[in-house]
Amino acid sequence: MSTKSETFCVLPFIHQFIDTEGQKRLCCMSSGKHGEIGEFGGNKHKEIRQTLLDGKRHHACVDCYEREDQKTFSYRQINNSKWTNKIPELDLSVDNKKIYDIDYRLSNHCNLACTMCQPSDSSTWAKLLKKNKLVHENDFDNLDFSHVLKAYIAGGEPLLIPKAKQFVESLDPNKTDLVINSNLTRLTDEWVDLIKRFKVKSVTASVEAYSELNEYIRWPMKWKTFEQNLWKLKNADIPFNFNVCAMNINYFDLEQLMDFMYKFDPYTVSIAEIMSPYEYNFDYLRQKHRDRFIEFSKKMLRHPLSDKHTKLQIFFLSQTRPEHWPPAKNTHVEKQTIIDLLNTQEKLKGNSIQNIKCEFNKL
């Protein structure tokens with residue numbers, strides 16, 4: 001099956017995703033229970049593979065198909081393109097049980113309670129909300145990593161998870177490309193030395209805004225520590241990426257963040273609109289500040305950082321074209337609706353966005 005097919009995705013044949021609660025799914029974008037596969041290469045997994053080989057859409061992959069229907073580049077297309085050069089050496093049969101590509105969320109153990117996160121991915125949120133099971137950690141001792149060509153690990157915060165270090169040490173540093181997604185608040189010299197062993201490696205730094213607005217969104221992180229750890233990676237010649245969640249409360253402040261990221265010359269930069277809960281998506285900005293939203297997106301499209309990174313170009317270009325916007329989830333969203341959600345969180349954290357200098361407060 002050609003990777004240029006309108007239904008085929010390489011990931012169900014080579015990739016294993018395990019979330020923080022231990023569920024095995026097609027990928028991080030797969031839809032709910034439809035995306036749960038059980039055993040890698042098991043009967044349910046085989047059925048999904050066969051559906052794609054038959055040229056049919058599978059309902060677990062609805063997110064990618066919806067993006068493509070809106071003429072937006074999808075996760076399916078990105079991975080098909082990425083793996084094209086490696087496909088000759090991969091087993092793409094329905095019966096394949098070799099895992100070549102992994103995305104493991106090792107635990108919800110995390111020191112932050114980000115405004116767009118939840119207890120399943122953050123033990124700090126679990127503590128704030130007084131959940132009974134604060135930390136859960138997955139067991140990977142019985143899995144075969146001998147064929148793995150790329151490993152992506154996240155959490156929670158992987159640099160705080162003992163199992164993460166054990167897992168990374170089990171990989172072949174000459175064969176496996178390593179990517180670690182981190183909030184970069186707890187980078188030790190021991191972790192730097194471990195990452196440096198890998199022939200191909202990178203750290204994805206999660207960040208949403210510059211300075212105090214990022215401290216608000218990623219409470220209770222300290223911006224100074226984050227910046228110091230970026231320099232620690234750069235001085236150790238470890239390539240790093242930036243991953244940005246865009247939403248109503250940070251969108252019009254992205255220019256300052258992009259200026260900051262540009263000076264580090266990152267390997268890649270990824271940005272995505274937060275779609276859930278709906279209070280964070282762009283419905284409010286698109287409805288109440290439509291012209292400013294489009295003009296600001298055009299400005300960011302011309303930013304020097306966008307010139308260097310195709311993912312940014314694609315993202316900002318799609319924001320300038322209303323015909324590419326996804327259907328609104330709430331056609332009557334108001335600023336107060338967003339503030340009410342934030343206030344609920346702020347009562348637990350003891351902070352307030354009203355004390356932060358940001359464009360959202362001026363809307």
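Here is a friendly conversation about why certain labels apply in this predicted model.

Reader: How do you know which parts of the model may be used?

Author: This is a predicted model, where local features need pLDDT of at least 70 and side-chain atom pairs count only at pLDDT 80 or more, while totals for chains, interfaces and linings use all residues. Residues are numbered from 1 along each chain as its sequence is written, and side-chain values use heavy atoms, with hydrogens and water left out.

Reader: Happy with that. Why is Phe 73 called partly exposed?

Author: Buried means under 20% relative accessible area, exposed means over 50%, and partly exposed lies in between (1.4 Å probe, protein chains only). Phe 73 has 42% relative accessibility, so Phe 73 counts as partly exposed. Its place is in the loop between α3 (62–69) and α4 (75–83); helices (H or I, at least four residues) and strands (E, at least two) are DSSP runs, numbered from the N terminus.

Reader: What makes Phe 73, Ile 78 and Ile 314 a nonpolar patch?

Author: Patches are made of residues with over 30% relative accessible area and no salt bridge; nonpolar side chains (Val, Leu, Ile, Met, Phe, Trp, Tyr) are joined within 5 Å, and like charges within 9 Å. Phe 73, Ile 78 and Ile 314 form such a patch on the surface, with about 230 Å² of accessible area together. That area comes from the Shrake-Rupley method with a 1.4 Å probe, and for residues only the protein chains shown count as cover.

Reader: Let's turn to α3. How do you know on which side of α3 the buried residues Cys 64, Tyr 65 and Glu 68 lie?

Author: Cys 64, Tyr 65 and Glu 68 are buried in α3. They cover an arc of only 95 degrees around the axis, so they sit on the same side of α3. The arc is that of the directions from the helix axis to the C-beta atoms. The buried residues of α3 pack against α2 (43–53) and α4, where contact means heavy atoms within 4.5 Å.

Reader: What makes a set of residues a nonpolar core?

Author: A nonpolar core is a set of buried Ala, Val, Leu, Ile, Met, Phe, Trp, Tyr and Cys residues joined through side-chain atoms within 4.5 Å. The largest has 82 residues, and those with the most contacts inside it are Phe 226, Phe 242, Tyr 251 and Met 261. A second, separate core of 19 residues includes Phe 13, Cys 61, Tyr 65 and Trp 83. Leaving aside residues up to four places away in sequence, Phe 242 touches several residues, among them Phe 226, Met 261 and Phe 264.

Reader: Why is the contact between Lys 46 and Asp 95 called a salt bridge?

Author: A salt bridge is a side-chain nitrogen of Lys or Arg within 4 Å of a carboxyl oxygen of Asp or Glu. The side chains of Lys 46 and Asp 95 meet at 3.4 Å, N to O, so the pair fits that definition. The two partners are 49 residues apart, with Lys 46 in helix α2 and Asp 95 in the loop between α4 and β3 (101–105). Lys 46 has a relative accessible area of 25% and is therefore partly exposed, whereas Asp 95, at 52%, counts as exposed.

Reader: What makes Lys 299 and Glu 255 a tie between parts of the chain?

Author: Lys 299 forms a salt bridge with Glu 255, the closest N and O atoms being 3.1 Å apart. Lys 299 lies in helix α12 (residues 290–301) and Glu 255 in helix α10 (254–262), so the pair ties together parts that are 44 residues apart in sequence. The structure holds 19 salt bridges.

Reader: Which backbone values go against the general trend?

Author: Most residues other than glycine have a negative phi, and most peptide bonds are trans. Ser 211 has a positive phi of about 55 degrees although it is not a glycine, and Asp 265 has a positive phi near 50 degrees. Just after α3, Lys 71 takes a positive phi of about 65 degrees. The peptide bond from Gly 155 to Gly 156 is cis, with omega near 15 degrees, and a cis bond also joins Ser 276 and Pro 277, with omega about 0 degrees.
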